[in-house]
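What follows is a walk through one model, taken from the overall build of a chain to single residues. Please keep the sequence and the structure in view while reading.

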Protein chains: 2
Amino acid sequence: MTTGFTEQTTDLLSRTPALLRVLLIGLPEAWTDTPDTAAGWRPRDVVGHLITGEQTDWVARTRRILAEGTSRPFDRFERFAMLERDAGVPLDELVKRFGQLREANLAALRDLVTDADLDKRGLHPSLGEVTLRELLATWAVHDLDHISQIYAGLAGSLDADVGPWKAYLGILLRREDPSAVAG
Amino acid sequence: MTTGFTEQTTDLLSRTPALLRVLLIGLPEAWTDTPDTAAGWRPRDVVGHLITGEQTDWVARTRRILAEGTSRPFDRFERFAMLERDAGVPLDELVKRFGQLREANLAALRDLVTDADLDKRGLHPSLGEVTLRELLATWAVHDLDHISQIYAGLAGSLDADVGPWKAYLGILLRREDPSAVAG
């Protein structure tokens, strides 16, 4: 077991609210209206999805591992809950809501978990047995995965403006063909 | 011509220094030692590449468009200049250097360019004629593209820790197979 795994993972998780504020608050709308792929999510959908995770997933699953182990599977993650729930809520407001939820959840985590708990097991409804360490690592990588989606959406907003340079910009090429390699 | 294109593009470009500070300054080394792909770049290599762009590319090319139009091609971008130049420089220091260069360049840009200049043309050594609008859009998308690389490297640092959840984490699957689709 790596020393300080919980602390290191929490360090990254604690940066995401400020990061989304720096990236998105007050950004001109011309940047924020494009999904990462044709059938994908706009930045506001991504932030909404992260809000759902804070409300129903990561800390709830941590508590279930600690209280019930593998005797009762996790509830399923509602991956599209934000589409109806957040309709009409401004992006800046979603970013603020996310930050409040994340900060409260990390405070709860500090009281719930030490590195001695990391090998405790829970039951994922599709994946089977997982450890608390895997849950916390996934929480952090899930942030990184979805923030990358925001970047792809922002880039897509300028797709028509880069001209011939598009051939060098993998972030644009991959929106249309995931296996594209930039020149 | 979109109203305020230069201002909107500069808005995004001006966020990158703070964003890199929030994401990288003081981050535990366990997070920052992994490249985005097997033959790719670690976060420090990406920041170094962004430094090269500030030193030799974006504003130099802007000046050449304004002063010489298409009569003399741009100098080529040294895509690997950072590997030798930045050896041994701490990541935190690279992030600070980048921020200073970016701020100075955006101040220079404000004095050099208005939206009335955006259709002016220059000559790219491989791509041929390009406009100043295309150069500025590419500057911004280039930031987004490379910051996504940082995210992939950070995620890669936890690749071994997420267990069966990896099947759901496209940012990890794509490090090995660019066309992978998360479950």
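A residue is called buried when its relative accessible area is under 20%, exposed when that area is over 50%, and partly exposed in between. Asp45(A) has a relative accessibility of 8%, so Asp45(A) counts as buried. The model in which these values are computed is a predicted one.

Asp45(A) forms a salt bridge with Arg42(A), and the closest N and O atoms of this pair are 3.1 Å apart. Arg42(A) is partly exposed, because its relative accessible area is 30%. The pair therefore joins a buried acidic residue to a partly exposed basic one.

Chain A as a whole comes next. Chain A holds 6 helices and 2 strands, and along the sequence these follow the pattern α-α-α-α-β-β-α-α. Its C-alpha atoms fill a box of roughly 55 × 35 × 30 Å along the principal axes. Of the 183 residues in chain A, 56% count as buried. Among the contacts in chain A with a separation of 6 or more, 72% come from residues 24 or more positions apart.

Side chains of opposite charge can pair when their charged atoms come close. Over all chains, the count comes to 32 salt bridges. One of them joins Arg102(A) and Asp143(A), with 2.8 Å from N to O. Arg102(A) lies in helix α4 of chain A and Asp143(A) in helix α5 (residues 132–156), so this pair ties together parts of the chain that are 41 residues apart in sequence. Both partners are buried: Arg102(A) has a relative accessibility of 0%, and Asp143(A) has one of 1%.

A further salt bridge in chain A is formed by the side chains of Lys166(A) and Asp159(A), at 2.9 Å from N to O. Lys166(A) counts as buried because its relative accessibility is 17%. Arg64(A), Glu68(A), Arg72(A) and Asp75(A) are linked in a network of salt bridges.

Chain A also lines a pocket. The second largest pocket has a volume of about 200 Å³. Its lining includes Leu24(A), Leu27(A), Glu29(A), Thr32(A) and Asp33(A), as well as Arg42(A), Pro43(A) and Arg44(A). Pro90(A), Leu91(A) and Asp92(A) are also among the lining residues. Helices α2 (43–68) and α4 (91–112) of chain A each supply at least two residues of this lining. Arg42(A), the salt-bridge partner of Asp45(A), is one of the lining residues.

In chain B, Leu24(B) is placed in helix α1 (residues 5–24). Leu24(B) is buried, since its relative accessible area is 1%. Leaving aside neighbours within four places in sequence, its contacts include Thr32(B), Pro43(B), Val47(B), Leu91(B), Asp92(B), Val95(B), Ile150(B) and Leu154(B). Leu24(B) is also in contact with Arg15(A), a residue of the other chain. Leu24(B) and Leu91(B) are 67 residues apart in sequence, and their C-alpha atoms are 7.9 Å apart in space.

Pro43(B), one of the contacts of Leu24(B), is found in helix α2 (residues 43–68) of chain B. Its relative accessible area is 0%, so Pro43(B) is buried. Beyond the neighbours within four places, Pro43(B) is in contact with Leu24(B), Thr32(B), Thr34(B), Leu91(B), Ile150(B) and Leu154(B). From Pro43(B) to Leu20(B), 23 residues apart in sequence, the C-alpha distance is 9.9 Å.

Val113(B) is in the loop between α4 (91–112) and β1 (121–124) of chain B. With a relative accessible area of 6%, Val113(B) is buried. Not counting residues up to four places away, Val113(B) touches Thr6(B), Thr62(B), Leu66(B), Leu132(B) and Leu136(B). Val113(B) and Leu132(B) are 19 residues apart along the chain, with their C-alpha atoms separated by 9.2 Å.

The last residue is Arg175(B), in helix α6 (residues 170–176) of chain B. How far away is the nearest side chain of opposite charge? It belongs to Asp159(B), 4.2 Å from Arg175(B). A salt bridge needs a side-chain nitrogen of Lys or Arg within 4 Å of a carboxyl oxygen of Asp or Glu, and Arg175(B), though buried, has no salt bridge. A polar atom of its side chain lies 3.0 Å from the backbone oxygen of Asp36(B). Outside its neighbours within four places in sequence, Arg175(B) is in contact with residues including Thr34(B), Pro35(B), Asp36(B), Thr37(B) and Asp159(B).

Technical notes: Residues numbered from 1 in each chain as written. Chains lettered and ligands numbered in written order. Predicted model: local features only at pLDDT ≥ 70, side-chain atom pairs only at ≥ 80, totals over all residues. Heavy atoms only, no water. Helix = DSSP H or I, 4+ residues; strand = E, 2+ residues; numbered from the N terminus. Buried < 20%, exposed > 50% of the residue type's maximum accessible area, 1.4 Å probe, protein only. Lys, Arg positive; Asp, Glu negative; His and termini not counted. Polar contact = N/O pair within 3.5 Å; in protein donor to acceptor, adjacent residues only side chain to side chain. Contact = heavy atoms within 4.5 Å. 1 Å grid on protein atoms, 1.4 Å probe; cavity = no way out; pocket = protein on both sides within 12 Å on 5 of 7 lines; lining within 4 Å. Points joined across faces, edges and corners; volume = space filled by probe spheres on them.
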